[in-house]
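Colleague: I am new to this structure. Please take me through one part of it slowly, the packing of two helices and what lies around them.

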Amino acid sequence: MRMLLAIIAVALSLSLSTQAVHAQEGETWETQETVYNVTLIKIHPNMGDAYLNNLRRTWVTGVEAAIAEGLTVDYAIYSSITPNDGGYNLILVTEHPNLAALDATDAWRQKLAAINESVVAQLSDEESERITNTVYPEIRSILSNKMVREIKFIE
């Protein structure tokens, strides 16, 4: 009987501690599992077309391959309505299902290799390196790169 009571007590304490972790009394919000990578870009004056055309050839190609491999869910590119305010004028966003999708496991490395093959099939290694190492530094600056999660309020 004592053993049964001890087991019930342990089970009850575990269930109470689990409830406290997931939903504290009075909590009105929860953090979502999806992870977003947000990059703020300042495109140098008169370089918008060149940057976007090259971005489509490199970054977009890579992100679409990552979507095909299941590492990325979606992506978006946002342009500032006030591009000459001195700050960023372009935002690049990639959506990942969770942080685990970004863990450097063997499966992740294999998917990354497949993504690289997909990009190289459309753009040679030399051309990709020339764009990212020579062209991009001349036409844009990366101001910030953040990993964020959405917060939703509980009804």
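Modeller: A definition comes first. Each helix axis is a line fitted to C-alpha atoms over the stretch in contact, and angles run from 0 to 180 degrees between N-to-C directions. Keep in mind that this is a predicted model.

Now the pair. Helix α2 covers residues 48–69, and helix α4 covers residues 125–139. They pack at an angle of about 150°, with their axes 11 Å apart. Angles over 145 degrees count as roughly antiparallel. Therefore α2 is roughly antiparallel to α4. The crossing of α2 past α4 is left-handed.

Next, the residues that meet. From α2 come Ala-50, Tyr-51, Asn-54, Leu-55, Arg-57 and Thr-58. From α4 come Glu-127, Ile-131, Val-135, Tyr-136 and Ile-139. Sorted by class, this contact has 7 nonpolar, 2 polar and 2 charged residues.

Several of these names return in the largest nonpolar core, which has 11 residues. Tyr-51 and Leu-55 belong to this core. So do Ile-131, Val-135, Tyr-136 and Ile-139. The other members are Ile-41, Ile-43, Leu-90, Leu-92 and Leu-123. At least two residues each come from β1 (29–43), α2, β3 (90–96) and α4. Helix α4 gives the largest share, 4 residues. In soluble globular proteins, nonpolar side chains tend to be buried together.

Look at Leu-55 in particular. Leave aside its neighbours within four places in sequence. Leu-55 is then in contact with Val-60, Ile-77, Leu-90, Leu-92 and Tyr-136. Apart from the largest core lies another, of 5 residues. Its members include Ala-65, Ala-66, Ile-115 and Val-119.

Ile-115 leads on to Glu-69, which sits in helix α2. The C-alpha atoms of Glu-69 and Ile-115 are separated by 7.4 Å, though the two are 46 residues apart along the chain. Not counting residues up to four places away in sequence, Glu-69 touches Lys-111, Ala-114 and Ile-115. Glu-69 is partly exposed, because its relative accessible area is 28% and partly exposed runs between 20% and 50%.

Finally, go back to strand β1, where Gln-32 is found. Gln-32 is partly exposed too, with a relative accessible area of 21%. Its contacts, leaving aside neighbours within four places in sequence, are Arg-149, Glu-150 and Lys-152. Gln-32 and Glu-150 are 118 residues apart in sequence. In space they are 5.5 Å apart, C-alpha to C-alpha.

Terms used. Residues are numbered from 1 along each chain as its sequence is written. This is a predicted model: local features need pLDDT of at least 70, side-chain atom pairs count only at pLDDT 80 or more; totals for chains, interfaces and linings use all residues. Side-chain values use heavy atoms; hydrogens and water are left out. Angles under 35 degrees count as roughly parallel, over 145 as roughly antiparallel, 65 to 115 as roughly perpendicular and the rest as oblique. A crossing is left-handed if the near helix is turned anticlockwise from the far one by less than a right angle, and right-handed if clockwise. Contact means heavy atoms within 4.5 Å. Ala, Val, Leu, Ile, Met, Phe, Trp, Tyr, Cys and Pro count as nonpolar, Asp, Glu, Lys and Arg as charged, and the others, Gly among them, as polar. A nonpolar core is a set of buried Ala, Val, Leu, Ile, Met, Phe, Trp, Tyr and Cys residues joined through side-chain atoms within 4.5 Å. Buried means under 20% relative accessible area, exposed over 50%, partly exposed in between (1.4 Å probe, protein chains only).
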